[in-house]
Amino acid sequence: MIRVYERPFSCLPTQPSQLLRTKKVPTNIGPRRRFTTESQETSVVEEELPLQYGMLYFDNAYPLKMGWWDIRLKDGGMFVHFSYVHPSSYTTKEALREIESRCEQHLISHGHYMWFNFQKVRAFLVKGSPFLEDMASRYPNKRIRIEYTGDPGGVEGLYTLFRKYGKIVDIVQLPLVKDMPKQAIVQYSFMRASTSAKNCLHGAELNGVKLNVTYESSLKGNVIWTWLSNHPRLSVPMGGFVVAGISFIIFDPIRIFSMHAKITKLFKVDEYSALRWLRKETVGRLTRTPVESLQATGWREREDEEEKLRTWLKNPPETFAVVTGPRGAGKTEMVEYAIKNKTHKVVISCEELANARSENEVLTNLARQIGYIPLFQFMNAINNMMDMAITATTGQKAGLSATFEGQLKKILDTLTIAIQQSSPTSGMSNKARAKEQEEKNKGCDPDDIPVVIIDGFMSREKGPHSKELWTFLAEWAAVLVENHLAHVIFISNNVSASKPLSKALPNMTFETIVLSDASLESAMEFVYKHLDKEEYPNLMQSVKTIGGRLTDLELFVQKVKTGIPPQDAVHDILSRAVIEIRKNAFDVDRSDKDKIVGWTPIQFWTVMKQLATHDAVNFDELKIHPLFKNDEAPFSAMEQAELVTISHRNGRPFVVRPGKPIYRAAFQEILSDEGFAAVMDLESSTFLEKDEMVKVAKWEGELRELSNLLHTDGTWIFGRGRTPKEVETRVKWLMKKLAESHGKIEKYEQDANTAKKVVATLGAAAFSSNGREK
């Protein structure tokens with residue numbers, strides 16, 4: 001019987017067989033041991049070999065360490081050191097095999113299962129020198145790398161050595177590399193087998209083969225990163241989907257809530273009815289209630305338009321409402337006053353968006369107006385840089401950067417969801433539930449239907465992003481109306497604003513409200529609402545000069561309140577109007593491509609002379625003028641620049657008026673400048689004279705061609721007879737046109753000479769006055 005002496009840290013005892021028992025025989029032979037092995041029949045005394053040492057490995061003592069963050073033991077096993085002696089009838093190999101076998105039998109018979117994985121504990125004899133390390137980059141793996149010298153017998157030999165530790169999935173012998181040991185990869189089906197093989201066979205020398213066993217490189221982190229970096233065409237879109245998913249799950253609900261709170265004024269304390277009542281009953285009784293803007297105007301002309309808009313708002317959303325009129329006519333004030341009782345409002349100021357210097361600024365301004373928080377605009381710049389880097393390295397775009405159109409559409413789509421949550425008519429678009437929803441909506445308050453106000457629509461037609469902005473806003477508004485989510489009101493001073501709206505919502509008529517300037521009576525009433533009539537009794541002429549434009553009247557009242565006399569206030573406003581006209585109509589730099597206008601100075605000069613003497617001029621009369629040649633484009637350009645206003649009748653242009661009422665006085669002021677008027681008349685006469693000269697040359701050429709059809713004696717070249725009547729009629733008509741053109745040319749020359757004399761006279765007078773001053 002072999003006697004095993006366990007070290008103090010041994011954990012599993014071994015029991016002798018029932019058929020044998022061990023008794024120690026006293027002796028004084030030092031390091032050697034003598035034992036008497038007795039049986040039931042005989043007794044034999046043998047002298048044993050010196051004391052020897054061994055080591056066992058128990059593979060399931062602790063959980064495995066899976067990463068740098070794991071504080072558990074790396075291999076999850078335990079080494080048991082022991083010493084033993086064995087009789088001379090046993091070889092060392094047989095003695096160690098017997099010890100390993102009895103430990104394994106003990107574990108099986110007692111059924112040792114660990115609590116953390118409910119698996120058995122196994123015992124293996126350590127045949128090599130375990131390499132115990134704590135390197136942070138090496139973790140247990142199912143794959144182990146074997147470096148060996150000698151011939152283990154190929155795959156069969158390796159299988160025989162390593163199979164006892166667990167089921168093997170595959171064995172691969174790597175190609176031989178010069179000056180390197182032979183290598184092979186053994187893959188187990190579970191990790192406990194690889195840890196046992198590594199700790200038991202590392203450094204072992206079996207049958208002339210020396211083994212070094214290590215874990216194969218971990219596939220957990222580095223390989224995943226390597227795969228992602230080596231496959232950007234797949235990993236980058238996947239990363240984008242992950243980021244989009246996180247944004248959709250986390251940030252989109254936050255944005256929807258933020259916009260819904262702004263629509264419903266959830267965090268606006270001033271809108272709470274209790275606080276409004278409290279303010280009215282306390283502070284309101286001690287202070288004067290401010291007059292609302294539209295009530296302050298006292299414009300009786302607006303009552304019909306205001307009532308028309310209120311009636312339209314009481315019905316379910318079905319189409320757009322378009323409020324147009326010249327700049328400063330009070331369109332925004334009228335709309336705000338009409339919807340003051342609405343609880344859910346969305347206001348988008350297009351002026352701020354159109355004047356933005358970049359696309360990012362457009363998105364930032366829009367997000368701030370509608371409460372789209374958070375925006376993460378800086379992420380777009382980072383994505384653009386990453387996309388450029390990936391494009392430079394791979395040759396293809398990764399799709400990380402988002403376009404301006406895509407970001408704008410996302411913001412508007414999110415706003416649609418927020419409006420849908422606030423709208424009591426959100427289900428009317430479903431035909432199956434249309435009747436049911438309609439019955440349900442009969443009891444809802446019309447003031448609860450959200451109202452979207454797009455103020456300043458198409459305020460600028462030219463710009464790096466203007467076209468996309470107007471198109472997306474029109475299409476988004478069409479979605480709201482088609483799904484009956486909200487009323488949409490467009491406020492614009494652009495006469496062509498209906499074109500993109502018609503494309504976005506075809507086959508639908510719009511609720512159009514056109515605002516004009518106030519009458520003289522309404523303008524006087526507005527002025528005396530703010531000024532004392534007894535202190536300023538004679539303001540009729542001043543108001544008549546300024547006209548009924550709300551912005552000009554407000555400016556006049558403000559100047560008078562600061563102590564400026566009414567005549568001086570009118571003069572200041574008039575001087576500013578003159579400067580505006582000179583700058584926008586005559587002093588345009590036509591070499592600048594960004595400031596190309598659709599008219600010439602002499603064309604506007606012709607229109608201005610007519611409007612200076614008349615309140616309105618017939619549109620057709622101006623259009624057939626020789627300077628316009630029946631072209632409507634210059635008039636449209638002037639209207640876009642707000643220099644003139646064109647009124648329509650029966651769907652066509654009818655009359656032309658000044659862009660502002662005060663412009664008529666400004667036109668008269670410009671005409672009173674004799675030098676400037678003479679120069680413009682000279683340019684107009686010179687241009688018209690050249691145009692008539694072109695006509696004269698054309699008709700003279702035709703006469704010359706007709707003369708080639710006659711002989712020198714005046715007979716017809718084709719029949720030697722009398723000239724045909726048709727040719728004579730054509731010649732008479734050409735002669736008549738020549739006479740008319742020559743008459744016009746003489747008139748234009750006379751006008752040009754008169755203008756030259758005026759310029760010369762003014763120049764001589766200015767020169768003489770300068771000489772006297774010296």
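Helix packing and nonpolar cores

The crossing of α20 and α21 is right-handed; the model is a predicted one.

Q: What angle do α20 and α21 pack at, and how far apart are their axes?
A: The angle is about 135°, and the axes are 9 Å apart. Helix α20 covers residues 550-561 and helix α21 covers residues 566-586. The angle makes α20 oblique to α21.

Q: Which residues make the contact?
A: From α20, Asp552, Leu555, Phe556, Lys559 and Val560. From α21, Pro566, Ala569, Val570, Asp572, Ile573 and Arg576.

Q: How do those divide into nonpolar, polar and charged?
A: For α20 with α21, 7 are nonpolar, none is polar and 4 are charged.

Q: Switching to the largest nonpolar core: which residues touch the most other members?
A: Val527, Phe556, Ile581, Phe586 and Phe604, out of 56 residues in that core. Helix α21 gives the most to this core, with 9 residues.

Q: What is Phe604 in contact with, leaving aside neighbours within four places in sequence?
A: Ile581, Ala585, Phe586, Trp599, Met638, Leu643, Val644 and Phe667. Apart from the largest core lies another core of 47 residues, including Met259 and Val362.

Q: Back to helices. How do α14 and α16 cross?
A: At roughly 25°, with axes that come within 11 Å. Because of that angle, α14 counts as roughly parallel to α16. Their crossing is right-handed.

Q: Which residues meet there?
A: Among them are Leu408, Leu412 and Ile419 in α14, and Phe472, Trp476 and Leu480 in α16. The contact of α14 with α16 has 10 nonpolar residues, 1 polar and 3 charged.

Terms used:
Residues numbered from 1 in each chain as written. Predicted model: local features only at pLDDT ≥ 70, side-chain atom pairs only at ≥ 80, totals over all residues. Heavy atoms only, no water. Axes fitted to C-alpha atoms, helices over the stretch in contact; angles between N-to-C directions. Helix = DSSP H or I, 4+ residues; strand = E, 2+ residues; numbered from the N terminus. Parallel < 35°, antiparallel > 145°, perpendicular 65-115°, else oblique. Left-handed = near helix turned anticlockwise from the far one by under 90°. Contact = heavy atoms within 4.5 Å. Nonpolar A, V, L, I, M, F, W, Y, C, P; charged D, E, K, R; others polar. Core = buried A, V, L, I, M, F, W, Y, C linked by side-chain atoms within 4.5 Å. Buried < 20%, exposed > 50% of the residue type's maximum accessible area, 1.4 Å probe, protein only.
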